[in-house]
Amino acid sequence: MRISIEEVYETVRMTLDHHFDIRTVTLGMNLKDCMDRDLARFSARIAERIVQYGIRLNEAADQIEQRYGIPITNRRIAVTPVAILLEPLRRDIRTAVHIAKVMDRAARKARIDFIGGFGAMVQKGMTAADQLLMDAIPQALSATRRVCGFLNLASSAAGINMDAVARCGPMLKDLAYRSKTGVGCAKIAVFANAPEDNPFMAGAHHGIGEPDFSINVGISGPGVVRNVVAQNPDCDLTELSEVIKRTVFKITRAGELIGRQIASTMEVPFGIVDISLAPTTAAGDSVARIIEAMGVKAMGAPGTTAALALLIDAVKKGGAMASGNVGGLSGCFIPVSEDAGMIEAVQKGSLGLEKLEALTSICSVGLDMFAVPGDTDPQVISAIIADELAIGVVNQKTTGVRIIPAPGKKAGQVLHMGGLLGSAPVMDVANIASPGLLNRGGRIPAPVQSLRN
Amino acid sequence: MSRQTRPQVCIATVIGKDRVGIIARLAVTFARANVNILDVDQRVMEDTFVMTMAVDVSGANVPLTTLKKRLDKVAKALDLQITLHDERIFEAMHRV
């Protein structure tokens, strides 16, 4: 049966009026076979691969975008965690910074706006190369524009590596002050249970369990879902869940089709569809506006956690029905600076850091893209990270933190980062350091897997 | 023996106000590009005139980007919105 005019009209309206797009197509790329004891030889190999495949990714995405008439908003590359690649090289911060610069130049040459993977898996302990990478992060991410970093500091199987967490506060403050306005901190996310196939920056990397290449896709943003919720103001919440499920089914199917077509054009394996709703500062493309369209008076007001729980569950059910390849983060992103509704909620006082933390216990990604005053104690930053990772570890889910200590700014002021990164209202934080906890070091043990009440 | 190319079906969607000459202009645009029209359907939805045209672009003598540019010109001249999508995107989204 040929498709009906109503069905065509629904999809076309989504693209014309509701920001229907493919949010990101990310090429995961193994670089382990490029490893060498000679930095120059290693650098030449990785640069060649990034440029060659980056150009091919853009060509394939352009071609598929034209054919299917659906915009592919971001094309990105994720590589093997760089700490692994550092292992055979000379133990010097300059080595790690040099690699970041090589990645940055190669991405620029291939017209790729972000390349992820400058990170390490340190949930249980750190090798000398892992420590070197962490020491290099402030220099590497402030001296480059396109390189993104990640650290996996905790997992439900290993617990929380508090030695690594303790290093993060000073590291992030150093990075904030080296990069003008603190924007460098927008390019690094720290995680518990980081997925190895996440297509979204800043946390994207190509995990060690992955094949040589894989195409991972992020589906359309929240604009489409916000629109169907707004169009159904009177239905009860069970029906609303059905409406959201049906819409997410459709946009997931579109995402999978486009991803498979790009993978087949590039002759690389298709990986996963990440069904996260990723907001942008464009009008209407906001998760906060979905919650408000559901009936919550203001994002962050009592009722928000329940509404978000319904939303995320409906998104997962629709997505899981649509594709057998759902993976990555697949939750709901509630970044502050990248979502116009979240920015407004913080500014008018309906959303604070404590409520944001509560919301992350049911959505997938954690405390994302929020600014704190520039004079926040490094140990407070580490402690905020520890708290957030504990939510992920205990609930066996991914949580992450992307925190920006805004140099010279106080609570209530606004940090403008520009472009995709948006503007972050600086949030109030209880600036009370707990050296007694952080200086103990060690590892918070993995939680018990039974006795789950 | 002539080689048969597999059809590549796209759906052109026209949204706006109904007026004389829409089908004629589109038919000429597609004919010039050697694109065969397979099916036409139209309806008024939410007070808006909507027309879909299923076309086979496998024999097109210009790239899709050029065809889209020509459709954009028609859209501008007639004050309409015209889009062109591969049919498979609709099948993926609306068929289980």
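The questions and answers below walk through a predicted model, one spot at a time.

Q: What end-to-end span should helix α1 of chain A have, and what distance separates its end C-alpha atoms?
A: Helix α1 of chain A covers residues 5–17, which makes 13 residues. At 1.5 Å a residue, the helix should span 18 Å. The model agrees with that, since the end C-alpha atoms of α1 are apart by 17 Å.

Q: Which residues of α1(A) are buried?
A: A residue counts as buried under 20% relative accessible area. In α1(A), the residues that pass this test are Ile5(A), Glu7(A), Val8(A), Tyr9(A), Thr11(A), Val12(A), Met14(A) and Thr15(A).

Q: Which residue with a positive phi follows α1(A)?
A: Look just past the helix α1(A). The residue there has a phi near 60 degrees. That residue is His19(A).

Q: Is Asn58(A) buried or exposed?
A: Asn58(A) sits in helix α2 of chain A, residues 39–68. Its relative accessible area is 3%. The cut-off for buried is under 20%. Asn58(A) is therefore buried.

Q: Which backbone oxygen does the side chain of Asn58(A) reach?
A: Leave aside neighbours within four places in sequence, and Asn58(A) is in contact with Arg75(A), Ala110(A), Arg111(A) and Ile112(A). One of these contacts involves a backbone oxygen at 2.9 Å from the Asn58(A) side chain. That oxygen belongs to Ala110(A).

Q: How much space lies in the largest cavity?
A: Rolling a probe the size of a water molecule over the atoms shows where empty space is left. Searching the whole structure for cavities of 30 Å³ or more finds 1. The space in the largest cavity is about 420 Å³.

Q: Which residues lining the largest cavity are the closest to its centre?
A: The lining of the largest cavity has 30 residues. By kind, they divide into 18 nonpolar, 6 polar and 6 charged. The closest to the centre are Arg76(A), Met201(A), Ala202(A), Glu338(A) and Arg402(A).

Q: Which strand gives the most residues to the lining of the largest cavity?
A: Strands β1 (22–29), β2 (72–79), β6 (188–192), β9 (366–373) and β10 (399–406) of chain A each supply at least two lining residues. One strand gives the most, with 3 residues. That strand is β10(A).

Q: Which two residues does a cis peptide bond with omega of about 10 degrees join?
A: Look in the loop between β6 and β7 (213–218) of chain A, where Ala202(A) lies. The peptide bond between Ala202(A) and its partner is cis. The two residues joined are Met201(A) and Ala202(A).

Q: Is Asn198(A) buried or exposed?
A: Asn198(A) is also placed in the loop between β6 and β7 of chain A. Beyond four places in sequence, it touches Phe191(A), Gly203(A), Ala204(A), His205(A), Asp274(A), Gly328(A) and Leu329(A). With a relative accessible area of 2%, Asn198(A) is buried.

Q: Which backbone nitrogen does the side chain of Asn198(A) reach?
A: The polar contact from the Asn198(A) side chain has a distance of 2.6 Å. A polar contact needs N or O atoms within 3.5 Å. The nitrogen reached is that of Phe200(A).

Q: Which backbone nitrogen lies 2.9 Å from a polar atom of the side chain of Ser179(A)?
A: Ser179(A) is in the loop between α6 (162–178) and β6 of chain A. It is buried, at 6% relative accessible area. Not counting residues up to four places away, Ser179(A) touches Ser142(A) and Gly184(A). The backbone nitrogen in question belongs to Gly184(A).

Q: Is Pro335(A) buried or exposed?
A: Pro335(A) is found in the loop between α10 (304–322) and α11 (340–348) of chain A. Outside its neighbours within four places in sequence, it is in contact with Pro279(A), Met342(A), Asp368(A) and Met369(A). Its relative accessible area is 1%, so Pro335(A) is buried.

Q: Is Glu267(A) buried or exposed?
A: Glu267(A) is in the loop between α8 (237–266) and β8 (270–274) of chain A. Its phi is positive, near 55 degrees, though it is a residue other than glycine. Its relative accessible area is 71%, so Glu267(A) is exposed.

Q: What is the phi of Glu46(B)?
A: Glu46(B) has its place in the loop between β2 (36–45) and β3 (48–56) of chain B. At 58% relative accessibility, Glu46(B) is exposed. It is not a glycine, yet its phi is positive, at about 50 degrees.

Terms used. Residues numbered from 1 in each chain as written. Chains lettered and ligands numbered in written order. Predicted model: local features only at pLDDT ≥ 70, side-chain atom pairs only at ≥ 80, totals over all residues. Heavy atoms only, no water. Helix = DSSP H or I, 4+ residues; strand = E, 2+ residues; numbered from the N terminus. Expected span 1.5 Å × (residues − 1). Buried < 20%, exposed > 50% of the residue type's maximum accessible area, 1.4 Å probe, protein only. Polar contact = N/O pair within 3.5 Å; in protein donor to acceptor, adjacent residues only side chain to side chain. Contact = heavy atoms within 4.5 Å. 1 Å grid on protein atoms, 1.4 Å probe; cavity = no way out; pocket = protein on both sides within 12 Å on 5 of 7 lines; lining within 4 Å. Points joined across faces, edges and corners; volume = space filled by probe spheres on them. Nonpolar A, V, L, I, M, F, W, Y, C, P; charged D, E, K, R; others polar.
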